[in-house]
Amino acid sequence: MTLRKRFTLFTIFWFIFILILFNIFVYFFVIRISTGSEEQLIANKVNLIIEHIRSEPERPLKDPALLVDFYNVNEVIRIIDRGGNIVNQIGTDEDLLERETTFSATHQSGLTSIRGMRVMYMKVPLLREYEIIGTVEVLRKLTSLDRYLQVLVGALTVTSLGAVLFAIFGTYWFTLRLTAPIQTMVQTMREIERSGKLRPIELKDKEESAELQQLIRAFNQMIERLDRRMDGQRQFVADASHELKTPLTVISSYAGMLKRWGREDSAIRDEAIEAIAKESERMQNLIKSMLTLTEAEQEVWAREDEFDLVQLIDEIASMLHKTFNRIIRVHAYDESGIPMKGDRDKISQLMVILIDNAIKYSKDAIDITVSQSRNMIRVLVSDKGIGIPEEEIPNLFDRFYRVDGARQRETGGFGLGLSIAKRIVDLHEGTIDVFSKVGVGTTIALQFPKK
């Protein structure tokens with residue numbers, strides 16, 4: 001069952017349920033009010049009759065004119081003595097006259113039914129000189145009231161049916177507009193699946209609600225992100241192919257030389273073997289970097305450890321100092337250490353990438369400054385090397401991007417290190433910024449939130 005049908009049926013069901021409860025409440029409320037009003041009218045009439053009899057104590061109860069002034073249509077008024085005999089009676093309704101006559105020494109009132117018609121009755125003791133001499137009884141058919149109730153039931157039925165029909169068409173129209181963007185999204189997805197081309201949904205601010213606008217914007221943002229990801233993958237494949245093309249060409253060329261002259265000329269054979277080994281190693285390093293970058297794209301790449309960041313950087317600086325014989329100074333403003341929660345191995349890889357870049361592109365000492373505030377941990381990696389042109393800084397974290405191809409050939413890089421570094425920082429919810437000036441040096445600024 002579609003969402004539109006479910007929403008329509010659910011809305012109609014609860015609307016009808018509430019409408020039925022409302023109609024029942026109105027019906028019984030009107031019955032209660034109208035019946036109470038009729039009962040009050042009969043009570044007032046009985047009191048007037050009794051007061052009239054008391055005001056003329058000499059007048060006999062059998063006087064036919066005694067009750068004439070109080071009579072209405074669809075009524076029977078009786079005076080009954082203690083023996084249950086009718087002393088005086090007025091009324092012509094045969095159904096009411098057939099009702100059994102009984103004496104009552106107490107006040108009685110209520111509703112009864114005669115031949116399917118509601119009848120209200122009231123009996124009140126008649127006193128004379130503090131002695132009960134009989135009962136005044138009034139019977140009234142609620143014919144007019146029942147006719148009004150029938151009209152009310154008819155009106156409620158007609159209005160309820162009209163309201164239900166209006167609710168059905170209104171809900172269907174509303175759900176049609178509500179689900180139209182969803183249908184558009186489904187059609188767009190099917191079109192994307194069929195054609196393989198990503199395209200967003202056009203946003204109409206005046207026609208859609210705020211929630212639907214948010215849904216469409218979120219869908220379009222997802223499409224844009226997928227489009228960027230696909231472009232990035234295509235660019236990655238193109239760049240990787242370009243990077244692999246050079247060593248494969250070299251290997252192929254030297255292999256051809258070995259086939260033609262390598263058996264007789266030992267110098268050519270040694271040169272070819274050395275070149276093939278060098279380019280093979282270069283390819284291995286490139287593939288290793290590519291695999292590392294691919295792994296970095298995984299959302300659950302980082303695990304969470306707790307370690308001392310200053311101690312970790314000291315260990316890396318000491319290792320790289322011994323390896324490259326370069327001065328690497330670590331400055332920590334907190335001698336007790338700076339605790340950090342994150343993936344220790346990946347943070348170590350991040351620092352190796354940044355320090356290694358500083359070693360490649362500078363010859364002076366490298367300074368690493370580690371500090372912390374209440375909510376942040378900051379790391380600065382500074383060198384006094386050749387620097388980076390300002391217009392090149394925004395592209396530094398792109399895959400296979402290098403500021404200077406000739407400089408890359410000297411250092412042996414592939415342009416993947418900073419891409420991996422950026423991903424490591426992102427997975428730790430941090431930021432990385434580059435400040436550089438040509439001929440002066442470069443500073444890489446890292447910031448991580450405290451957890």
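Modeller: Two strands pair if DSSP finds at least two bridges between them. Keep that in mind for this predicted model.

Biologist: Sure. What makes strand 10 and strand 12 a pair?

Modeller: Strand 10 (residues 376–383) and strand 12 (residues 441–449) are joined by 8 bridges, and the cut-off is at least two, so they pair. They run antiparallel. For one place to look, take L380, whose bridge partner in strand 12 is A445.

Biologist: Which sheet do those two sit in, and what is the strand order?

Modeller: An open one of 5 strands, ordered 7-9-10-12-11, with mixed pairing.

Biologist: Why are strand 7 and strand 11 called edge strands?

Modeller: Strand 7 (328–332) and strand 11 (431–437) each pair on one side only. As for the twist, neighbouring strands are turned by 15 degrees against each other on average, ignoring direction.

Biologist: How do you know that helix 6 packs on this sheet?

Modeller: By contact: heavy atoms have to be within 4.5 Å. Helix 6 (residues 309–324) touches strand 7, strand 9 (366–372) and strand 10. Its direction makes about 170 degrees with that of strand 7.

Biologist: On to the other sheet. What order do its strands follow?

Modeller: 2-1-5-4-3, in an open sheet of 5 strands with antiparallel pairing.

Biologist: And what makes strand 2 and strand 3 its edges?

Modeller: Strand 2 and strand 3 (108–114) have a single partner strand each, so one side of each has no neighbour in the sheet. From one strand to the next, the twist averages 20 degrees.

Biologist: How do you know that strand 1 pairs with strand 2 and with strand 5?

Modeller: Same cut-off, at least two bridges. Strand 1 (residues 75–81) has 4 bridges with strand 2 (residues 86–90) and 7 with strand 5 (residues 131–141), so both count as pairs. Both pairings are antiparallel. R78 faces Q89 in strand 2, while V76 stands opposite L139 in strand 5.

Biologist: What lies between strand 1 and strand 2 in their hairpin?

Modeller: 4 residues. G84, in the turn, has a positive phi of about 85 degrees.

Biologist: How are helix 7 and helix 9 placed against each other?

Modeller: The axes of helix 7 (residues 344–360) and helix 9 (residues 417–427) come within 9 Å and cross at roughly 145 degrees. The crossing is left-handed. Helix 7 brings K346, I347, Q349, L350, I353, L354 and N357 to the contact, and helix 9 brings G417, L418, I420, A421, I424 and V425.

Biologist: How do those residues divide by type?

Modeller: 9 nonpolar, 3 polar and 1 charged. Lys counts as charged, and Gly is put with the polar ones.

Biologist: Why is the F13 and F17 pair called stacked?

Modeller: Their ring centres are 6.5 Å apart and their planes are at 15 degrees. Centres have to lie within 6.5 Å and planes under 30 degrees apart count as stacked, so the label fits. F13 and F17 are 4 residues apart in helix 1 (residues 3–55), about one helical turn. The whole structure holds 6 aromatic pairs.

Biologist: Where does UniProt put the "transmembrane region" feature, and what does the chain do there?

Modeller: The unreviewed UniProt entry places that feature at residues 12–31 and 148–174. Residues 12–31 are 100% helix, with end C-alpha atoms 28 Å apart. Residues 148–174 are also 100% helix, with the end C-alpha atoms 37 Å apart.

Technical notes:
Residues numbered from 1 in each chain as written. Predicted model: local features only at pLDDT ≥ 70, side-chain atom pairs only at ≥ 80, totals over all residues. Heavy atoms only, no water. Axes fitted to C-alpha atoms, helices over the stretch in contact; angles between N-to-C directions. UniProt positions renumbered as here; feature names shortened; annotations may be inferred. Left-handed = near helix turned anticlockwise from the far one by under 90°. Phe/Tyr/Trp six-rings, centres within 6.5 Å; stacked < 30°, edge-to-face > 60°.
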